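Student: I'd like to take a close look at a single part of this protein with you, and then see how that part sits in the whole. Could you walk me through it?

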Amino acid sequence: MAGEVQSTNIWPLPKFYFSVSGLPAGVVSFQEVTGLSTEVTPIEYRHGDSPSFYPIKMPGLGKVGNVTLRKGIFINDTALWDWFNQIKMNTIARVTIVVSLLDETAAPKMVWTLNNAFPIKVTGTELKSEGNEVAVESVELAFETMVISAP
């Protein structure tokens, strides 16, 4: 019995089984999600009578990058373009996007929650007459905060 518990926790999760929810476009299947990152900018400080000639470093403001979502283009599928076209002088409705890394039973094991997200860039596919790849479009999202959890 102990061997069974250990074997389920010893292997890292594969990255190909994930879901994205919360988009105003409804349920959308994405091929790729990139840019799930957050960082803190350090503050350097040295007080005047410090015997050390090196500054003290403290954590400063946090910041997040932009997230890019890529998916195949389907006939009459303009959901991402329609969402992007709603941007009018900061009047777009911001949404909470949830990216979940799933196990083999489709249960979320790692969850990235992107708060107050909105689209800032939509990119269509590259067109090549001699190509045979699937047409792929992408949307870049800006957001304010990211919460990472393991349910």
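Student: Leaving aside its neighbours within four places in sequence, which residues is Pro-119 in contact with?

Tutor: Happy to, and please keep in mind that this is a predicted model. Pro-119 is in contact with Trp-83, Phe-84, Ile-87, Ile-92, Val-139, Glu-140 and Leu-141, once neighbours within four places in sequence are set aside. The residue itself is found in strand β7. Its relative accessibility is 0%, and since buried means under 20%, Pro-119 counts as buried. You can also check a backbone distance here: the C-alpha atoms of Pro-119 and Asn-66 are separated by 9.6 Å, and these two residues are 53 apart along the chain.

Now for the core. The largest nonpolar core has 24 residues, and those with the most contacts inside it are Val-20, Leu-23, Phe-30, Leu-69 and Ile-97. Two or more residues come from each of β5 (67–72), α2 (79–84), β6 (95–102), β7 (108–123) and β8 (136–142). Of these, β7 gives the most, with five residues. Leu-23 makes a good second stop: beyond its neighbours within four places in sequence, Leu-23 is in contact with Val-28, Phe-30, Trp-83 and Ile-97. Trp-83 therefore turns up in both contact lists, that of Pro-119 and that of Leu-23, if you apply the contact cut-off of heavy atoms within 4.5 Å.

Strand β6 is worth a visit too, and Ser-100 is found there. With a relative accessibility of 9%, Ser-100 counts as buried. Not counting residues up to four places away in sequence, Ser-100 touches Tyr-17, Phe-18, Ser-19, Pro-108, Met-110 and Val-111.

Two loop residues are of interest for their backbone angles. Most residues other than glycine have a negative phi. Ala-106, in the loop between β6 and β7, has a positive phi of about 70 degrees although it is not a glycine. Ala-106 is partly exposed, at 39% relative accessible area. Asn-76 has its place in the loop between β5 and α2, and its phi is near 60 degrees, again a positive value in a residue other than glycine. Asn-76 is exposed, with a relative accessible area of 76%.

Let's step back to the whole chain. Its secondary structure comes to two helices and nine strands, and from the N terminus on the elements run α-β-β-β-β-β-α-β-β-β-β. The radius of gyration is 21 Å, well over the 15 Å that the globule rule gives for 151 residues, so the chain is more spread out than a compact globule. Along the principal axes, the C-alpha atoms fill a box of roughly 70 × 60 × 35 Å. Of the 151 residues, 24% count as buried; Pro-119 and Ser-100 are among them. Looking at contacts between residues at least 6 apart in sequence, 63% join residues at least 24 apart.

Finally, the surface and the charges. The protein chain exposes about 10700 Å², and carbon and sulfur atoms supply 58% of that area. The chain has 11 positive and 15 negative charges, and the mean positions of these two sets are 6 Å apart.

Key: Residues numbered from 1 in each chain as written. Predicted model: local features only at pLDDT ≥ 70, side-chain atom pairs only at ≥ 80, totals over all residues. Heavy atoms only, no water. Core = buried A, V, L, I, M, F, W, Y, C linked by side-chain atoms within 4.5 Å. Buried < 20%, exposed > 50% of the residue type's maximum accessible area, 1.4 Å probe, protein only. Helix = DSSP H or I, 4+ residues; strand = E, 2+ residues; numbered from the N terminus. Rg over C-alpha atoms; globule rule 2.2 N^0.38 Å. Areas by Shrake-Rupley, 256 points an atom, 1.4 Å probe, with all protein chains shown as cover. Lys, Arg positive; Asp, Glu negative; His and termini not counted. Charge placed at Lys NZ, Arg CZ, Asp CG, Glu CD.
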